[in-house]
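User: Here is a model with a bound ligand. Please explain the terms you use for it as we go.

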Amino acid sequence: MPAHTAKARAGANIALVKYWGKRDARLNLPAAGSISITLSGLETNTRLHALHEGADTDELVVNGQCLPVDRVGAVLDLTRKLAGGGPFFRVDSDNNFPTGAGLASSASGFAALVTAADQVLGLGLSKSRLSELARRGSGSAARSIFGGFVEMKPGNIDDGRDAVAEPLANCEHWPLKVVVAITATEAKSVSSTDGMNRTMQTSPYYPTWVATVAADLELARRAILERDFELLADVSESSALKMHASALAASPGLLYWNPATLACMHAVRELRAVGCGVFFTVDAGPQVKAVCLPGACAQVADRLADIPGVARILICGLGPGAEVVV
Ligand code: DP6
């Protein structure tokens, strides 16, 4: 029996093997797979509230601010279609990440949205179907449906049924930590969606980047299952740098880093060279995510906090997948 309101939460995730490019833009199908960790501490809470019968559109409020419904409305349309109809909703979404921190909220946002929509419409979808729906909102959101270590499959069916995430290992398997160095607090210049489109259309390195992902997935999978930190560090830094290399070679080139980003990357490499268990990854923005062994976390946080241009440090662990909040 469909309800009027439902609430769900989901954690942000960080890719260790990056997603950067699509095989189908309309269905948001990735060109290659990716592997991520779902975080605790950086999360979105979303409440859906059915609007009165006369409403003719969904409404979106993020951290108290009304925003255009855009992709959120499109994803809700998909869930209403599955339910054979349903009301328009007011979507109230709150991110607990510091506002303006330049951390992507689309992954946790769409994972929480589809989880709440499934509940409110009484759909009872599997996690895999929820992952497929979340992907339509944002490719990385498909991964936040699951907790711990997660792999996104690119799939090869045209309708995208098999382009879904799957759990690889749970949080307890390897309780890594992530130190996020915030190096800029203004909105980023080019979104992931636009950045990857430009890379696909203009970067001479794009085909080579895509061709190397399968081998990285293989290594990362093995590193995670065997808890081989050195191997995970090498493949993750390499994946991030290759993604950025493909973006740098686009026209005009996409330069997501600032001087503090680069200083943090060097600092992480220096720490690792003296035996500290840490490696970096960087997404479509200037923040640096330093993934560490639990014992290295305090040293890494202290070192990055001292770098000129680092405005703030956040520390996260691994967290669970998206879930309904009662
Ligand atoms: C660099 O999932 O934000 O963070 O599917 O177009 O919404 P869309 O892109 P999005 O891209 C994430 C890109 C990335 C790498 C990653 O998370 O794998």
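Analyst: This is a predicted model. Helices here are DSSP runs of H or I with at least four residues, numbered from the N terminus. Helix H2 is followed by glycine 122, whose phi is positive, near 65°.

User: How do you know that the length of helix H2 agrees with its number of residues?

Analyst: The expected span is 1.5 Å times one less than the number of residues. For the 15 residues of H2 (residues 106-120) that gives 21 Å, and the end C-alpha atoms are 21 Å apart, so the two agree.

User: What makes H2 mostly covered?

Analyst: A residue is buried when its relative accessible area is under 20%. In H2, 13 of the 15 residues are buried.

User: Why are the contacts of tyrosine 19, asparagine 28 and arginine 71 with the ligand called polar?

Analyst: A polar contact is a pair of N or O atoms within 3.5 Å. Polar side-chain atoms lie 2.6 Å from a ligand oxygen for tyrosine 19, 3.1 Å for asparagine 28 and 2.9 Å for arginine 71. Each distance is within 3.5 Å, so each pair counts. The protein covers 94% of the 460 Å² of accessible area that the ligand has on its own.

User: Which residues make up the shell around the ligand?

Analyst: The ligand is surrounded by 18 residues, the closest being Tyr19, Lys22, Ser138, Gly139 and Ser140. By class, six are nonpolar, seven polar and five charged. Helix H4 (residues 192-202) supplies the largest share, three residues.

User: What do the domains contribute to that shell?

Analyst: Domain 1 (5-174) and domain 2 (177-317) each provide at least three of its residues.

Terms used:
Residues numbered from 1 in each chain as written. Predicted model: local features only at pLDDT ≥ 70, side-chain atom pairs only at ≥ 80, totals over all residues. Heavy atoms only, no water. Near = heavy atom within 4 Å. Polar contact = N/O pair within 3.5 Å; in protein donor to acceptor, adjacent residues only side chain to side chain. Areas by Shrake-Rupley, 256 points an atom, 1.4 Å probe, with all protein chains shown as cover. Helix = DSSP H or I, 4+ residues; strand = E, 2+ residues; numbered from the N terminus. Nonpolar A, V, L, I, M, F, W, Y, C, P; charged D, E, K, R; others polar. Domains from an automatic or database assignment. Buried < 20%, exposed > 50% of the residue type's maximum accessible area, 1.4 Å probe, protein only.
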